Amino acid sequence: MFSRAEREHIRAALVRAAQADTNITGAAHLGSAAVDRLDDWSDIDLALCVSHDAAVDGVIDAWTARMYRDHDA
């Protein structure tokens, strides 16, 4: 389990990564964060919209690698 501060740090890092990724055209917070009901057990629900020009498998591989490399997934 992560602290609220750690969760916010990871969420912000993921949003920054999505903003910098030219293969991502949009993102949305889902789950408890979307309705401002975060608690100690909340996770990060982030949906990403992949560009129609992107190779989806490559985007998934890159984001999976990022999660392992940067966030100890």
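**Reading the contacts around Ala17**

Reader: Let's start small. Which residues does Ala17 touch, not counting residues up to four places away in sequence?

Author: Touching means a contact, with heavy atoms within 4.5 Å. Leaving out residues up to four places away in sequence, Ala17 touches Trp63 and Arg66. Before you lean on that, this is a predicted model, where local features need pLDDT of at least 70, side-chain atom pairs count only at pLDDT 80 or more, and totals for chains, interfaces and linings use all residues. Residues are numbered from 1 along each chain as its sequence is written, and side-chain values use heavy atoms, with hydrogens and water left out.

Reader: OK. Which residues make up the largest nonpolar core?

Author: A nonpolar core is a set of buried Ala, Val, Leu, Ile, Met, Phe, Trp, Tyr and Cys residues joined through side-chain atoms within 4.5 Å. Buried is under 20% relative accessible area, exposed is over 50%, and partly exposed is in between (1.4 Å probe, protein chains only). Here, the largest core has 8 residues: Ile10, Leu14, Ala17, Ala18, Ile24, Ala54, Val59 and Trp63. Helix 1 (4–20) and helix 2 (56–71) each put in at least two residues, and helix 1 has the largest share, 4 residues.

Reader: And how do the helices fit into the chain's pattern?

Author: Helices (H or I, at least four residues) and strands (E, at least two) are DSSP runs, numbered from the N terminus. The protein has 2 helices and 2 strands, and along the sequence they go α-β-β-α.

Reader: Back to Arg66. Is that residue buried or exposed?

Author: Buried, yet with no salt bridge. For a salt bridge, a side-chain nitrogen of Lys or Arg must be within 4 Å of a carboxyl oxygen of Asp or Glu. Arg66 sits in helix 2, and its nearest side chain of opposite charge, Asp70, is 4.4 Å away. Arg66 does touch Ala17 and His71, again skipping residues up to four places away in sequence.

Reader: How many salt bridges does the structure hold?

Author: Side chains of opposite charge can pair when their charged atoms come close. This structure holds 3 salt bridges. One is Arg4 with Asp40 (2.9 Å, N to O), linking helix 1 to the loop between strand 1 (24–29) and strand 2 (46–50), 36 residues apart. Arg4 counts as partly exposed because its relative accessibility is 46%. Another joins Glu8 and Arg11 at 2.5 Å, N to O; both lie in helix 1, 3 residues apart, about one turn of the helix.

Reader: And what does Asp70 pair with?

Author: Arg69, at 2.9 Å, N to O. Asp70 is partly exposed because its relative accessible area is 41%, while Arg69, at 57%, is exposed.

Conventions
Lys, Arg positive; Asp, Glu negative; His and termini not counted.
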